[in-house]
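Let's walk through this one together, question by question. Have the sequence and the 3D view open as we go.

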Amino acid sequence: MGSESSPKLPVIDFNKRKNPNNDNEWEGVKSQVHKALQDYGCFEALFDRVPLELLKSLFVVLKELFDLPLQTKQLNVSNTPFHGYVGQYPQVPLYESLGINDACISHKVETLEKTLWPQGNPSFSKSIQSFAEQVSELDEIVRKMILESLGVEKYMEEHMSSSSYTVRVMRYEGPQTEEAKLGITSHTDKNIITILHQLNEIQGLEVKTKDGEWITYHPLSPHSFVVMIGDAFHAWTNGRVYSTFHRVMMRGNEARYSVGLFSAPKEGHIVKTPEELVDEQHPLLFKPYNHQEFLKYFYTGLEAQTQKFGLKTFCGV
Ligand SMILES: O=C(O)CCC(=O)C(=O)O
Ligand SMILES: [Fe+2]
């Protein structure tokens with residue numbers, strides 16, 4: 001099958017300054033964002049406010065990080081499941097990742113830097129923090145556009161202040177064969193919004209459409225990011241935006257490196273759908289739930305092993 005007939009993710013250009021004061025420009029992009037997140041739960045964003053030099057230095061420092069001894073990487077622990085060092089799983093032997101919680105807060109990132117490199121590695125803290133700061137602009141724009149599209153922008157401040165940012169860095173070993181091997185199992189993200197960037201030329205991310213077809217992501221530009229809805233935003237919007245299943249499939253000899261910014265409800269926060277989003281046509285889908293408790297339930301039970309939509313079993317109405 002030629003690439004022309006292959007399905008593609010919607011592409012949305014954020015490169016002109018998207019400013020709420022320029023109504024036409026903002027409204028045009030907003031309706032594209034709303035449609036893409038309703039239909040696909042994700043899109044490819046062209047977003048050039050993250051300098052290429054920063055992405056290059058991030059790539060260099062991530063190679064150094066994953067080359068550290070396993071015992072050193074395992075020093076990055078977290079109370080929240082799937083937020084510290086993750087790897088060495090027999091089901092996904094190619095996968096390794098490391099989470100940097102509160103990635104916009106300098107002393108938190110610097111503490112992790114000193115844990116991983118007691119002699120220091122300022123390039124790590126600098127590039128992680130700059131990435132988080134710059135990409136969080138896009139996260140905020142997308143969240144504002146969705147709240148406005150749904151007529152619930154009055155919740156914007158509360159929505160932003162009840163969430164925090166984690167950066168997660170990923171490495172997928174090349175399987176040394178052209179036969180596709182699982183990099184990461186098909187899953188929906190559990191957080192609010194995920195913004196992913198592939199740091200080298202190695203493809204692998206695949207997104208499942210509502211029709212069950214897998215779309216392979218081929219970034220159009222070095223400024224491409226994938227913006228993806230997580231379960232917490234799906235629940236909060238009462239299903240108006242869709243959290244999509246995705247996975248990584250690896251081929252060939254070379255390792256794939258990617259990085260993501262994950263906005264998520266703060267520890268202890270209860271995700272509760274605003275009453276304005278519940279009516280006869282849109283009955284409540286999920287009862288209010290504690291995000292942290294859901295993560296514990298999901299990652300300690302059998303749910304994580306299956307392809308089921310765990311939030312439904314946890315708090316579906
Ligand atoms: O590496 C990627 O492109 C995808 C990673 C991913 O799906 C995740 O970390 O949740
Ligand atoms: Fe994911």
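Q: Which strand gives the most residues to the shell around ligand 1?
A: Keep in mind that this is a predicted model. Three strands, β5 (163-172), β11 (246-252) and β12 (256-265), each supply at least two residues of that shell. The top contributor, with three residues, is β12.

Q: How do the residues of the shell around ligand 1 divide into nonpolar, polar and charged?
A: Have a look at who is there: the residues around ligand 1 include M170, Y172, L196, L205, V248 and F262. Also among them are H187, H246 and S258, along with D189 and R256. Sorted by type, the shell comes out as six nonpolar, three polar and two charged.

Q: How far is an oxygen atom of ligand 1 from an N or O atom in the side chain of H246?
A: Ligand 1 has several polar partners to check. H187 puts a polar side-chain atom 3.1 Å from a ligand 1 oxygen, and the R256 side chain has an N or O atom 3.1 Å from an oxygen of ligand 1. For H246, the distance from its side-chain N or O atom to a ligand 1 oxygen is 3.0 Å.

Q: What percentage of the area that ligand 1 exposes when taken alone does the protein bury?
A: Polar contacts to ligand 1 come from the side chain of H246, among others. On its own, ligand 1 exposes 300 Å². The share of this that the protein buries is 97%.

Q: Which residues are the protein donors of the iron ion (ligand 2)?
A: Start with the spacing: along the chain, the donors follow H-x1-D-x56-H. They sit 2.0 to 2.2 Å from the iron ion, with NE2 as the donor atom for both histidines and OD for the aspartate. The residues are H187, D189 and H246.

Q: How many residues apart in sequence are the parts that H187 and H246 tie together?
A: Both histidines are donors of the iron ion. H187 belongs to strand β6 (residues 177-187) and H246 to strand β11, so the pair ties together two separate parts of the chain. H246 counts as buried because its relative accessibility is 4%. The separation of those parts is 59 residues.

Q: Where do R143 and D139 both lie?
A: Their side chains meet in a salt bridge, at 2.8 Å from N to O. Both residues are buried. They are four residues apart, about one turn of the helix, and that helix (residues 122-149) is α5.

Q: How many residues apart are E276 and K154, which link distant parts of the chain?
A: These two form a salt bridge, with the closest N and O atoms 2.8 Å apart. E276 is in the loop between β13 (270-271) and β14 (289-290), while K154 is in the loop between α5 and α6 (156-161). The distance along the chain is 122 residues.

Q: Is K154 buried or exposed?
A: Its salt-bridge partner is E276, which counts as partly exposed because its relative accessibility is 33%. The cut-off for exposed is over 50%. K154 is at 62% relative accessibility, so K154 counts as exposed.

Q: Is R171 buried or exposed?
A: R171 forms a salt bridge with E173, with closest N and O atoms 2.7 Å apart. E173 is partly exposed, at a relative accessible area of 33%. Buried means under 20%, and R171 has a relative accessibility of 15%, so R171 counts as buried.

How values were computed. Residues numbered from 1 in each chain as written. Chains lettered and ligands numbered in written order. Predicted model: local features only at pLDDT ≥ 70, side-chain atom pairs only at ≥ 80, totals over all residues. Heavy atoms only, no water. Near = heavy atom within 4 Å. Polar contact = N/O pair within 3.5 Å; in protein donor to acceptor, adjacent residues only side chain to side chain. Areas by Shrake-Rupley, 256 points an atom, 1.4 Å probe, with all protein chains shown as cover. Nonpolar A, V, L, I, M, F, W, Y, C, P; charged D, E, K, R; others polar. Salt bridge = Lys/Arg side-chain N within 4 Å of Asp/Glu carboxyl O. Buried < 20%, exposed > 50% of the residue type's maximum accessible area, 1.4 Å probe, protein only. Donors = N, O, S within 2.8 Å, 3.2 Å for Na, K, Ca; no water.
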